[in-house]
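Me: I should like to learn how to read the overall architecture of a model before turning to its details. Could we take it chain by chain?

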Amino acid sequence: MRRFFWRRWNVVLHRDIGYFSVALVIIYGISGLAVNHVADWNPNYVRTKEIVSIHPIASIEKDTIIATMMDQLHLTELPENYFRPDPETAQLFYPGTTYSVDLPTGNVLIEQTRRRMVLFEMNQLHVNAPKGLWTYIADLFAVSLIFMGISGLFILKGKNGLKGRGKWFVSVGTALPLLYWIWYQYLQ
Amino acid sequence: MKKTLFITLFTMMITLIAVSGGKKNYGKDVTLKETTKISAIIAEPEKFNGQRVKVEGPIVDVCKTRGCWIKIGGDKEFESVRFKVEDGVIVFPLEIKGKSVVAEGIVSVKKYSVEEQIKSGKEHAEKEGTEFDPASIKEPKIVLQINGEGAQVGDK
């Protein structure tokens, strides 16, 4: 009777914590795939670069440079900020776009940065960029995952349970990271 | 009941998005009252070495790989300072480039001898598969940065 009681609660908790966690499981899973391949792409942003030419700018006055750049680049709004990294370059900053002009040649590098919608937010949550309260929510989620992993072992009994086919799958699943690490650390 | 719950959640989300604009804090609060000019730090780095300072200016560059530093433009032309934060502790998003920042941290000044620069240059070239000419290093180099603790990023 006691054994039945324990298993029943195990199933109930596994089910309901599973329902509760499903959104975060999906978020962390998708973000994990995206961040895993960070060497091949930027999982957070789409960045583009383009070079256009305008007339060389001889002036060194800030207001003249800004006005000339705006006129030649057909920009209608004033930039958020302006900067001169070196004597030959002037930069105009707009939200998501930077215009860097090489004053003597008039070559302008236009760099645009755009967030990858949804994926950016998923990645930020995954890497705990917000800190603060999210740290504790993520901790709770991590504990939930551990619980679901362990409770999942005891959902079924018999030939499909842990003592049956389950033990083989658990063994292979445990050996996989263990063997990989031994190979990576000592044999590679 | 279900409809009320859905409307409440939706309203909360919209409210959160609406109030999320304006200034945004990264890391600890900025507490110093007095602002130090970046040009003053660059002019006399040794004087400020180890000191806590508050600086402000436009964000002219952001670390593209980890968001672990920003470059803050100085009050004088052609001057900027790197504001470096601990990896993962603060992550600066790329889109803050061009916005204005008020930032606080400890000034760090490190001197690198010619030998040290040649050694690290060789290592870097080997790692990146690029060429490096040791003869290009002629004198010791001083690297100045602010080890960042907190920043407030917003519009001008």
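Reply: We may begin with secondary structure. In this predicted model, chain A has 5 helices and 5 strands.

Me: In what order do the elements of chain A run from the N terminus on?

Reply: The order is α-β-α-β-β-β-β-α-α-α.

Me: What is the secondary structure of chain B, and which pattern does chain B follow along the sequence?

Reply: Chain B comes to 4 helices and 6 strands, and its pattern reads α-β-α-α-β-β-β-β-α-β.

Me: How is the radius of gyration to be read, and what is the value for chain A?

Reply: One sets the value beside that of a compact globule with the stated number of residues. For 188 residues that reference is near 16 Å, whereas chain A has 28 Å. The C-alpha trace of chain A spans about 90 × 40 × 25 Å along its principal axes.

Me: What radius of gyration does chain B have?

Reply: Chain B has 20 Å, against near 15 Å for a compact globule of 156 residues. Its C-alpha atoms fill a box of roughly 75 × 40 × 25 Å along the principal axes.

Me: What percentage of residues counts as buried in chain A and in chain B?

Reply: The criterion is 20 or more other C-beta atoms within 10 Å of a residue's own. Of the 188 residues of chain A, 12% count as buried; of the 156 residues of chain B, 25% do.

Me: What percentage of contacts in each chain joins residues at least 24 apart?

Reply: Here one considers contacts at a separation of 6 or more. Residues at least 24 apart account for 55% of these in chain A and for 71% in chain B.

Definitions and conventions
Residues numbered from 1 in each chain as written. Chains lettered and ligands numbered in written order. Predicted model: local features only at pLDDT ≥ 70, side-chain atom pairs only at ≥ 80, totals over all residues. Helix = DSSP H or I, 4+ residues; strand = E, 2+ residues; numbered from the N terminus. Rg over C-alpha atoms; globule rule 2.2 N^0.38 Å. Contact = placed C-beta atoms within 7 Å.
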